[in-house]
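Please open the structure in your viewer and keep the selection tool at hand. The stops below each name something to select and then say what is found there.

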Amino acid sequence: MNLDSIDIKILNILQKNSREPLKSIAEQCFISSPSVSAHIQKLEKEIIKNYRLVVDYEKLGYQIKAFVNISLNTDNKSDFIELVKAIPNVLEVDNITGNYDFILKVLFKDVHDLERFLIKLKPFGSTNTNIVFTTQVENRGMIHDETGFED
């Protein structure tokens, strides 16, 4: 899909606040609200996958955010995927290159819950866990201009 400058501006606005009112988007893009609506409908068909709620998990008691790398032992990939999909504390699972097969982003209320999770992974292979102290850059969108880079 070819994005024009209005599409890019709308994507940038929606990535910051997906509930931004059409009128506000129209004002920022210097176009009419119906035009913004048409652009968004086109983007929803081609580019926008979904809209998400961002939750402050720490306020819900989830004090441990960690990244768990795992090297699978054998051909147990489907059983592993089935297990991690069933655990709501697993926020993301990425198949990666390098010394490990997967990296998991997880949230737990305390280190004891994290330990119990790691024990469940033990039959699948070896793990390496990194606990996050602070997050310097939150999950954000990356569309800025047509090249994808800003100076």
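Begin by selecting I6, K9, I10, I13 and L14 in α1, and then I25, Q28 and C29 in α2, for these are the residues through which the two helices meet, contact being taken as heavy atoms within 4.5 Å. The residues of this contact divide into six nonpolar, one polar and one charged, where Ala, Val, Leu, Ile, Met, Phe, Trp, Tyr, Cys and Pro count as nonpolar, Asp, Glu, Lys and Arg as charged, and the others, Gly among them, as polar.

Before going further, please note that this is a predicted model, in which local features need pLDDT of at least 70 and side-chain atom pairs count only at pLDDT 80 or more, while totals for chains, interfaces and linings use all residues. Residues are numbered from 1 along each chain as its sequence is written, and side-chain values use heavy atoms, with hydrogens and water left out. The helices (H or I, at least four residues) and strands (E, at least two) are DSSP runs, numbered from the N terminus.

**The first pair of helices**

Now show the whole of α1 (residues 5-16) together with α2 (residues 22-29), which pack at an angle of about 135 degrees with their axes 10 Å apart; the axes are lines fitted to C-alpha atoms, for helices over the stretch in contact, and angles run from 0 to 180 degrees between N-to-C directions. That angle makes α1 oblique to α2, since angles under 35 degrees count as roughly parallel, over 145 as roughly antiparallel, 65 to 115 as roughly perpendicular and the rest as oblique.

Stay in α2 and select Q28, which is partly exposed, with a relative accessible area of 34%; on this scale buried means under 20% relative accessible area, exposed over 50%, and partly exposed in between (1.4 Å probe, protein chains only). Leaving out residues up to four places away in sequence, Q28 touches K9, I13 and E20. If you draw a distance from the C-alpha atom of Q28 to that of I13, which is 15 residues away along the chain, the separation is 8.8 Å.

**A third helix joins**

Which residues of α2 are buried? They are S24, I25, A26 and C29, and the buried residues of α2 pack against α1 and α3.

Add helix α3 (residues 33-46) to the view, and you will find that α2 and α3 pack at an angle of about 100 degrees, with their axes 8 Å apart. These two helices are therefore roughly perpendicular to each other. To see where they touch, select L22, K23, I25 and A26 in α2 with S33, V36, S37 and I40 in α3; the residues of this contact divide into five nonpolar, two polar and one charged.

Next, hide α2 and look at α1 with α3, whose axes come within 10 Å and cross at roughly 80 degrees. That makes α1 roughly perpendicular to α3. The contact is made by I6, D7, I10, L11 and L14 of α1 and by V36, H39, I40, K42 and L43 of α3, and its residues divide into seven nonpolar, one polar and two charged.

**The loop between α2 and α3**

Select F30, which lies in the loop between α2 and α3. Although F30 is not a glycine, this residue has a positive phi of about 60 degrees. Most residues other than glycine have a negative phi. At 75% relative accessibility, F30 counts as exposed.

**Across to helix α5**

Return for a moment to I6 in helix α1, and draw a line from its C-alpha atom to that of K122, 116 residues along the chain, which is separated from it by 49 Å. Then move to helix α5 (residues 111-121) and select its buried residues, L114, F117 and L121. Seen down the axis of α5, these fall within an arc of 60 degrees, so they line one face of the helix, the arc being that of the directions from the helix axis to the C-beta atoms. They pack against β1 (64-72), α4 (77-85), β2 (90-95), β3 (102-108) and β4 (125-131).

**Last stop, in strand β3**

Finish by selecting L107 in strand β3: is this residue buried or exposed? L107 is buried, with a relative accessible area of 7%. Leaving aside its neighbours within four places in sequence, L107 is in contact with Y57, Y62, I64, K65, N89 and L91. L107 and Y62 are 45 residues apart in sequence and 6.2 Å apart in space, C-alpha to C-alpha.
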